[in-house]
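This report walks a new reader through one structure, moving from strands and sheets to charged pairs and then to the nonpolar interior.

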Amino acid sequence: MVVISQASKLTLPNPSLPSSPPQITSALYEPNSLSLALMHSDSSISVYTSVSLLSLSSLPSTPQILVPSPSFSFTFFLLNDNFNPNPRVAFIVAGPHRTEAKIVLRLYVLQRNNIYGKAQVVCKQKGICFDEKLGVLLDINHGVGLKLAGSVNFFAMYSFTSSKIWVFSVKLMDGDYGLRVKLMRCAVIDCCKPVWSLSLSFGFMILGEENGVRILNLRSLVKGKVKKVKNLILPNGIIGDDGFDGPSGKIACNGHLDEKANKHSVSEKQRSVKYRLDSSEGGACFLAFKVKEDEGLKSTKLPLMSLKAISIQAVSQKQFLILDSGGDLHILHLSNPVAGSNITGHIRQLPHVMNVQKLAVHPDISPRTQTIWITDGYHTVHMMVASDMDVADGENGRNESEENLTQYSVIEAIFVDEKIQDLVPLAANGLLILGQGNLYAYANS
């Protein structure tokens, strides 16, 4: 039985200056700090804190951060020093320099008083410098497209124009001060094919390419700059029982680097790992889509349509949902989701529910069932649940490659008054829906 619900329109703050305020074009939510980032049509960004199911009727009157334009990509990630059970939340924005061929990174760190502050960044590598007014300046041409993805102590940046991926580590300095961070470029990857989506989750970098995804082990990727440290609480790439508990449940640590002066800091070495994406270095492997053939097309000689992996969402430590450009969903199952250079897995296509345009997954992976939201871009959002996400290989006589390893069921349909641009899950039972510039809130009590 599918429940039918109606989402309510959210009251947005009224700006005092512009008569016609810029519309919202995309949104991102960070559950540990209850932070909501909104991208506007003028390429500025507003960040609000304390946004939860209890405050779905309206947003605060003023944003906690207002990042000026041009700002073209942004993400949240966590900063953890391996001794604090409550990691700091960081927010990073990338955009072009107004007069030079450079990329500007603006980095904000959430302080103990629940207020974001600009971080003072220490960086010593060639091509990276810090400007007090602008932020971190990278000697890289912004070009036509840029993607950011964040995790614990790491973020990655992909440039469509340069066909490169840069992996950076970020480390809090001076203990309790929190607003001084050390930034180091760990790896530079030459991409032989366009990358359509980018994800950092559970010690893995997953790249959405044509007709499949490429998986890289993050620990292997930066291993040239990693030194082993005895008795490390959260070693680089370890997940599962070695993770730490955050406000929204189990969180995996994706990295921890070392230096001579401080056993729990980023390495002082100023070189980066460099290699081509089609090489076998970095523990990389490519897994292709297994598209189900239409019986009526078996005899035709037309080539299969090139499908692009345009969205990648983690649903457990072993499984990831992938949305392709044709509107179908695929499940990626990794057989070796722990530290090591060899990655194996498989992809299978899920039954066709609709022509999916947007996919969102609630980030709390601790429950046995996971909430998934999908939309066809028109006026409805479908709420799905995925159960048995962590069934062990061979449990109850089943093999991980069997089709019924995970069950997906649509349990609710939510209607809004506008066509849908984006989905922002706040909790397993709460969602923000971005329409044509307006936000809609849904909460299932």
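The model described here is a predicted one.

**A hairpin and its covered strand**

In this model, strand 18 and strand 19 form a hairpin with 2 residues between them, and the two strands, the second of which spans residues 204–209, pair in the antiparallel sense over 5 bridges. Within this pairing, Leu200 stands opposite Met205 in strand 19, while Phe202, which belongs to the turn, has a positive phi of about 55°.

Strand 18, made of residues 197–201, is mostly covered, since 5 of its 5 residues are buried. In a regular strand the side chains alternate between the two faces of the sheet. In strand 18, Ser197, Ser199 and Ser201 point one way, whereas Leu198 and Leu200 point the other way, and all are buried.

**An open sheet**

An open sheet of 4 strands follows the order 2-35-34-33, and its pairing is antiparallel. Strand 2 (8–9) and strand 33 (422–427) stand at its edges and have a single partner strand each, so one side of each is left without a neighbour in the sheet. The partner of strand 33 is strand 34 (residues 430–434), to which strand 33 is joined by 5 bridges in an antiparallel arrangement; here the bridge partner of Asp422 is Leu434 in strand 34.

**Salt bridges**

How many salt bridges does the structure hold? There are 3 salt bridges in the structure, and they are listed below with the distance between their N and O atoms.

| Pair | N to O distance |
|---|---|
| Lys102 and Asp139 | 2.3 Å |
| Asp190 and Lys164 | 2.3 Å |
| Glu209 and Arg214 | 2.8 Å |

Lys102 forms a salt bridge with Asp139, and this pair links distant parts of the chain, 37 residues apart, with Lys102 in the loop between strand 8 (88–96) and strand 9 (103–110) and Asp139 in the loop between strand 13 (135–138) and strand 14 (146–150). Lys102 counts as buried because its relative accessibility is 17%, which is under the 20% cut-off for that class.

The side chains of Asp190 and Lys164 also meet in a salt bridge. This pair again links distant parts of the chain, 26 residues apart, as Asp190 is in strand 17 (residues 180–190) and Lys164 is in strand 16 (residues 164–172). Asp190 counts as partly exposed at 29% relative accessibility, and Lys164 likewise counts as partly exposed at 28%. In the remaining salt bridge, between Glu209 and Arg214, both residues are buried.

**The nonpolar interior**

The largest nonpolar core has 27 residues, and those with the most contacts inside it are Leu105, Leu107, Leu138, Phe155, Met157, Val181 and Leu183. Among the elements that give two or more residues to this core are strand 7, strand 9, strand 15 (154–159) and strand 17. Leaving aside its neighbours within four places in sequence, Leu183 is in contact with residues including Val121, Ile128, Val136, Phe155 and Phe168. Apart from this core lies another, of 21 residues, among them Ala156, Ala187, Cys191 and Leu200.

Is Leu78 buried or exposed? Leu78, which lies in strand 7 (residues 73–79), is buried, with a relative accessible area of 8%. The C-alpha atoms of Leu78 and Val109 are separated by 9.3 Å, although these residues are 31 residues apart along the chain.

Notes: Residues numbered from 1 in each chain as written. Predicted model: local features only at pLDDT ≥ 70, side-chain atom pairs only at ≥ 80, totals over all residues. Heavy atoms only, no water. Buried < 20%, exposed > 50% of the residue type's maximum accessible area, 1.4 Å probe, protein only. Pairing = 2+ DSSP bridges. Salt bridge = Lys/Arg side-chain N within 4 Å of Asp/Glu carboxyl O. Core = buried A, V, L, I, M, F, W, Y, C linked by side-chain atoms within 4.5 Å. Contact = heavy atoms within 4.5 Å.
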